[in-house]
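Open the model in your viewer and show side chains as sticks. The stops below say what to select and what is found at each.

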Amino acid sequence: MTTLGILGVGDLTEKMVRGLVRSGQLVASAIHLSPRNGKKADALAREYGCVVHSSNQAVVDAADVLLVGVRPAQLEGLANELVLRAGQPLVSVAAGVTVKQLASLFGEREISRAMVSYASEINQSTVAVFPGESGAEQVLSTLGTLVRLKTERDFELATIGACFNGWVYFLIDEMQQWLAEKGLPREAARQLVQSSVADAAAYSRFRAETSVGDLGISIATPGTYTASGLEVLRQRGGPEAWLAACESVFKQLDILEAR
Ligand SMILES: NC(=O)c1ccc[n+]([C@@H]2O[C@H](COP(=O)([O-])OP(=O)(O)OC[C@H]3O[C@@H](n4cnc5c(N)ncnc54)[C@H](OP(=O)(O)O)[C@@H]3O)[C@@H](O)[C@H]2O)c1
């Protein structure tokens, strides 16, 4: 069985570990954790039996495949303290750091990038990977729906998809707060909004042959309350604001990639 070494146990990789154990793809004793930020690593050791090592190098030495989960600015410090085995594969979840940049930090080897969300914890994340068909796919695919990207530019676009996932939480929150302020019990407001988002995603998936825009048009027919609210959203620049956010993040990723 593959052993996985996690360098940087933080908010995201903690959830990935939970999803990996939950899926049964890896037994907990095959998951080796770096010691820094010990609270999270210790909790995973206590709850599941993952192995926490006393140094990052010990994690490298114990693992077949490495998963790098530190923040982009922390990569150089991490790379400087490690000696990886020749050919040891590495997967990075660091946003905006290219395969070329990773190779210059960690040395030439099989390097993959992955973009996942917190729903990794329940094996329902979007799992964007670049390059496609890397050795890490088998492990990562257990965290949700695998989307293979052919180019690194496509992968950066998938990163914006991951940001969109985060923005949806705020949209849900605003909507449920508004309903609650108008008097709906908080729990009912939360359930209604969560269910509305899941319902639209599920139905548009079911009607795969119809564009999502056409489905919207079929719902917001003239004279409906949906159409009247949509008009206000458009007048106030709602769609433009979302697109401007996408363009802004894409520009930042493009600048990083060009370095
Ligand atoms: N969170 C998300 O939803 C999300 C989504 C997509 C991609 N990402 C990417 O995932 C990565 C992690 O994000 P995060 O939100 O999980 O950040 P985080 O919670 O700060 O996790 C990073 C972890 O790595 C540890 N660390 C830093 N340097 C280390 C070193 N040299 N050796 C061992 N451990 C080290 C940090 O410890 P300290 O706290 O002590 O520094 C922290 O526990 C980032 O690169 C980000 O771009 C995150």
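Select the ligand and its shell: 22 residues surround the ligand (a heavy atom within 4 Å), and the closest are Val9, Arg36, Asn37, Val70 and Arg71. This is a predicted model, in which local features need pLDDT of at least 70, side-chain atom pairs count only at pLDDT 80 or more, and totals for chains, interfaces and linings use all residues. Residues are numbered from 1 along each chain as its sequence is written, and side-chain values use heavy atoms, with hydrogens and water left out.

Colour the shell by residue class: eleven are nonpolar, seven polar and four charged, with Gly counted as polar.

Next, show the backbone of Val9, Val70 and Ala95. A backbone N or O atom of Val70 is 2.7 Å from a ligand oxygen; for Val9 the distance is 2.8 Å, and for Ala95 it is 3.0 Å. Of the 880 Å² that the ligand exposes when taken alone, the protein buries 80% (Shrake-Rupley method, 1.4 Å probe).

Now zoom out and colour by domain, with bounds from an automatic or database assignment. Domain 1 covers 4-149 and domain 2 covers 159-258. Their C-alpha centres lie 31 Å apart. At the last stop, five residues of domain 1 are in contact with six of domain 2 (heavy atoms within 4.5 Å).

How values were computed
Polar contact = N/O pair within 3.5 Å; in protein donor to acceptor, adjacent residues only side chain to side chain.
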